[in-house]
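Hi everyone, thanks for making time. I'd like to walk you through a structure that may be new to you, one region after another. Let me put it up on the screen.

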Amino acid sequence: MPVRTPLRPPLKPIARPAGIERRIAPVIISATGKRTIRELDARGKRVFLRVDFNVPLSDGHVVDDSRIRAAVPTIEALLKAGASVVMASHLGRPDGRVVDGLRLRPAAERLSQVLKINVPTTGDALGVGTEDAVRRMRPGELLLLENVRFHAGEEKNDPAFAARLASYGDVFVNDAFGTAHRAHASVVGVAGFLPSYVGLLMEREVEALSDLLDKPARPFAAIVGGGKVSGKVAVLEALVRKVDLLILGGGVANTFLVASGRTVGKSLYESKMVDDARRILRLAQERGVTVLLPTDGVVAKEVTRGTEFKVVSTDKLPASWHMVDLGPNSNAAIRDALIPVKTILWNGPLGVFEIPTFAVATRELAKVASEKALTGATVVVGGGDSIAALRQLGVADQMTHLSTGGGASLEFLEGRDMPGLAVIPTAGSPVETLPIVWRTPEPVKKPKAVKKPKPVVPATAAPEPDVTTKP
Ligand code: ADP
Ligand code: MG
């Protein structure tokens, strides 16, 4: 159960007290229904901004900066409004320990290049040096704290850790849509201590995905590919209840092929998921949803570059080969099926796109999707690998919306509550109202032994001098 937290952090704010505004902010209704930074007068304030800089790195360099660039509108809006901005993010899964390869400096360097201003980082999210750096900040300046997951308190949503982070800001802005499904200290805990807002990226993501679920222009098609069904069962089940057409590709399709009575040779598929796939197929049939399964595929001797490959029907997949891409008939069927479609949601590449020979179906779909978007259809693409594929093909910017959320986008589409959104007050709430915090109460401590009461002052004691009668 959500519980209300104390209104103040147990620690002293390090600069000036966290100013809780007296002003009642104007009501600006946003699609999120949440208080956004449009309601925030950020001038002179220190903003604690949660961003999602959980980006892929290689040799200490950012491989895909989509998430960094997606955070820029909020950062710029806050700086322009005259705030100083202390940013926090996680990167990877260091599990509460310092892992040098998961430091945030490369993200700060990339952000510096994008914004053309210096973005210093701290060596640790906590500590005297960090507190000093925060205290020295002036309006218009940025600082990126070191990976918050180097502290175990982050994932545990430890109130003391959250309070330390909250002490860096006068207000809290959460723009980390990709982490909004996690009840962690820098996402949820901090909101218990500071007036809280969502940023522009969070607003945009929620708006785009809610529109898709609540009022899609029809026909509405979902295209689901990628490696495994296991992470996608829940979203597939939710989508079958929303869409008119379900197109399956990648490893995901293999499990569905098995569920519909085919054998898939050495192809990636999950035997434990076959029953779930059957259930989803049955649900689709009950609801009159068309399901498009591949009728042909590219099979390869090995899942490597330069290997032998051929196109075969999915009714006769050879026992010792791997299906690694869709075949030409399937690609043509997808293109045809999408002609009348007005809304597309795409998650997961249709083949092993990392190997160019097996990126044909993904490339063709990317082309169709960008044509659809250019002719007025809504095309939303989610998933790190899917977006990476679109970037590789140079069509990413033509889509209506690229969801940066990864797992969070999927959970949102499943219709699950997002703790990071739940803790932000609704639009128009008086700023004094602190949000409800998503936190399990701490275990009740053993009550201390009751001390003997002190003896009362003896009646014979001299009376205190009365200050008001002093000469
Ligand atoms: P996203 O990150 O867009 O959500 P996923 O992580 O679900 O996508 O899946 C991407 C991975 O799926 C890629 O690494 C790709 O190689 C793999 N994949 C796609 N099709 C197949 C297939 N037929 N066999 C094995 N792996 C596949
Ligand atoms: Mg992925």
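Let's begin at Lys-116, the residue that follows helix H2: its phi is positive, near 60 degrees. Please keep in mind throughout that this is a predicted model.

Now step back into the helix itself. Which residues of H2, which runs over residues 105–115, are buried? They are Pro-106, Ala-107, Ala-108, Leu-111, Ser-112 and Leu-115. As a reminder, an α-helix has 3.6 residues a turn, so residues three or four places apart point the same way. And what do the buried residues of H2 pack against? Their partners are H1 and four strands: E2 (57–58), E3 (61–62), E4 (84–88) and E5 (142–144).

Strand E5 takes us to Pro-139, which sits in the loop between helix H3 (128–135) and E5. Is Pro-139 buried or exposed? Its relative accessibility is 58%, so Pro-139 counts as exposed. Leaving out residues up to four places away in sequence, Pro-139 touches Gly-82, Ala-83 and Ser-84. There is also a long-range neighbour here: Arg-43 is 96 residues from Pro-139 in sequence, yet their C-alpha atoms are 7.9 Å apart in space.

On to the interior. The largest nonpolar core has 76 residues, and Phe-48, Leu-165, Leu-248 and Phe-256 are the ones with the most contacts inside it. A second, separate core has 32 residues, including Val-47, Ile-75, Ala-83 and Ala-108. You have met two of those names already: Ala-108 is one of the buried residues of H2, and Ala-83 is touched by Pro-139. Back in the largest core, take a look around Phe-256. Not counting residues up to four places away in sequence, Phe-256 touches Val-229, Leu-236, Leu-248, Ala-277, Ile-280, Leu-281 and Leu-293.

Next, the aromatic rings. How many aromatic pairs does a search of the whole structure find? Three, and I'll show you two of them. In one, Phe-48 and Phe-172 form a tilted pair, 6.0 Å centre to centre with 40 degrees between the planes. Phe-48 belongs to strand E1 (residues 46–50) and Phe-172 to strand E6 (residues 171–174), so this pair ties together parts that are 124 residues apart in sequence. Phe-48 is buried, at 0% relative accessible area, and Phe-172 is buried too, also at 0%.

Another pair joins Phe-309 and Phe-358, and this one is edge-to-face: 5.7 Å centre to centre, with 90 degrees between the planes. Phe-309 lies in strand E12 (residues 309–313), while Phe-358 is in the loop between strand E14 (343–347) and helix H11 (360–374), so the pair ties together parts 49 residues apart in sequence. Here Phe-309 is partly exposed, at 44%, whereas Phe-358 is buried, at 1%.

Let's finish with the largest pocket, whose volume is about 870 Å³. Of its 43 lining residues, Pro-349, Phe-353, Gly-384, Asp-385 and Ser-386 are the closest to the centre. Which helix gives the largest share of the lining? That is H12, with six residues. By class, the lining has 15 nonpolar, 21 polar and seven charged residues. Helix H13 (407–413) is among the elements that each supply at least two lining residues.

One last stop: Thr-404, in the loop between strand E16 (401–403) and H13. Thr-404 is buried, with a relative accessible area of 12%. Beyond its neighbours within four places in sequence, Thr-404 is in contact with Arg-67, Ala-70, Leu-201, Glu-205 and Ser-409. Thanks for listening!

Note on methods: Residues are numbered from 1 along each chain as its sequence is written. Chains are lettered from A and ligands numbered from 1 in the order in which they are written. This is a predicted model: local features need pLDDT of at least 70, side-chain atom pairs count only at pLDDT 80 or more; totals for chains, interfaces and linings use all residues. Side-chain values use heavy atoms; hydrogens and water are left out. On a 1 Å grid over the protein atoms alone, a cavity is a set of points where a 1.4 Å probe fits but cannot get out, and a pocket is an open set with protein on both sides within 12 Å along at least five of seven lines; lining residues have an atom within 4 Å of a point. Grid points are joined across faces, edges and corners, and a volume is the space filled by probe spheres set on the points. Ala, Val, Leu, Ile, Met, Phe, Trp, Tyr, Cys and Pro count as nonpolar, Asp, Glu, Lys and Arg as charged, and the others, Gly among them, as polar. A nonpolar core is a set of buried Ala, Val, Leu, Ile, Met, Phe, Trp, Tyr and Cys residues joined through side-chain atoms within 4.5 Å. Buried means under 20% relative accessible area, exposed over 50%, partly exposed in between (1.4 Å probe, protein chains only). Contact means heavy atoms within 4.5 Å. Rings of Phe, Tyr and Trp (its six-membered ring) pair if their centres lie within 6.5 Å; planes under 30 degrees apart count as stacked, over 60 as edge-to-face and the rest as tilted.
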